[in-house]
Amino acid sequence: MWLDPPLPNSHYKEIMCNLYRDLERAKDIKMLLKVFVVLMVCECDEPATFLISRTDENPDRKFRGCPNFKDKYKKCDFFLWLDPPLPNSHYKEIMCNLYRDLEREKDVKMLLKVFVVLMVCECDEPATFSISRTDENPGRKFRGCPNFKDKYKKCDFFLWLDPPLPNSHYKEIMCNLYRDLERAKDVKMLLKVFVVLMVLLMLFVVVLVMMMKKLLDERI
Ligand SMILES: [Zn+2]
Ligand SMILES: [Zn+2]
């Protein structure tokens, strides 16, 4: 069963696809960076040492490096700054991409939020809130073109706001519920009409009785 509504058209599907791809990529990079930082192992396959740079070029800058750095015959080239800026263009690129993806994700989220609130159909008019009453989608909220009644004017804009029902069993339950509600409304209406008719009938009877009494009085 879908918990979220489907997207209205391929344009928004593409936006969402890109968003998820970017999110996955961002997650992968985050995960990689996390694992990489925790399990950081140098090229000698030894846990990288935490150190702090004291050079003029990089004062007080944390880094991890080969634990064998003192042994110039054994040490490897492993070296990673833990504080920004990053050690080389490769990591700079990774981080740049990560931040770009995060920014893009924010933009897409914002777009989607604005889109849902200010939802405008392809005629550039605010989409109408409606509730489906079909057997296929009973009680399911959607937004659509406000010109849907005008078959020459209406556009193809359509978006379910509620998830679809999982199977015919639930569809039947909802259909029955709505039919019962409709019937209940009908019964209420009937009761109202009945009450009004009763009141009218009583008034009629009262008037009739008064008239009869008047006639009787006149005869006497
Ligand atoms: Zn090493
Ligand atoms: Zn429209």
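**Exercise 1.** Which residue in S5 does Ile 131 stand opposite? Place the pair in its sheet.

*Solution.* Keep in mind that this is a predicted model. Start with the strand that holds the partner: S5 covers residues 141-144. S4, at 128-131, is a strand at the edge. Now look across from one to the other: Ile 131 faces Lys 141 in S5. Four bridges join S4 and S5, and the two run antiparallel. Zooming out, the open sheet has three strands in the order S4-S5-S6, with antiparallel pairing.

**Exercise 2.** Why is one side of S4 and of S6 left without a neighbour in the sheet?

*Solution.* Go back to the strand order, S4-S5-S6. S4 and S6 (158-160) stand at the edges and have a single partner strand each, so one side of each has no neighbour in the sheet. While you're there, check the twist: from one strand to the next, the average is 25°.

**Exercise 3.** Is Ser 53 buried or partly exposed?

*Solution.* First find the residue: Ser 53 sits in strand S1, residues 49-54. Next, count neighbours: there are 15 C-beta neighbours inside 10 Å. Burial takes 20 or more, and 12 or fewer would make a residue exposed. Ser 53 therefore counts as partly exposed. For one more distance, go 11 residues along the chain to Arg 64: its C-alpha atom and that of Ser 53 are 9.8 Å apart.

**Exercise 4.** What pattern does the chain follow along the sequence?

*Solution.* Tally the elements: three helices and six strands. Then read them in sequence to get α-β-β-β-α-β-β-β-α. To finish, add burial: 7% of the chain's 220 residues are buried.

Conventions:
Residues are numbered from 1 along each chain as its sequence is written. Chains are lettered from A and ligands numbered from 1 in the order in which they are written. This is a predicted model: local features need pLDDT of at least 70, side-chain atom pairs count only at pLDDT 80 or more; totals for chains, interfaces and linings use all residues. Two strands pair if DSSP finds at least two bridges between them. Axes are lines fitted to C-alpha atoms, for helices over the stretch in contact, and angles run from 0 to 180 degrees between N-to-C directions.
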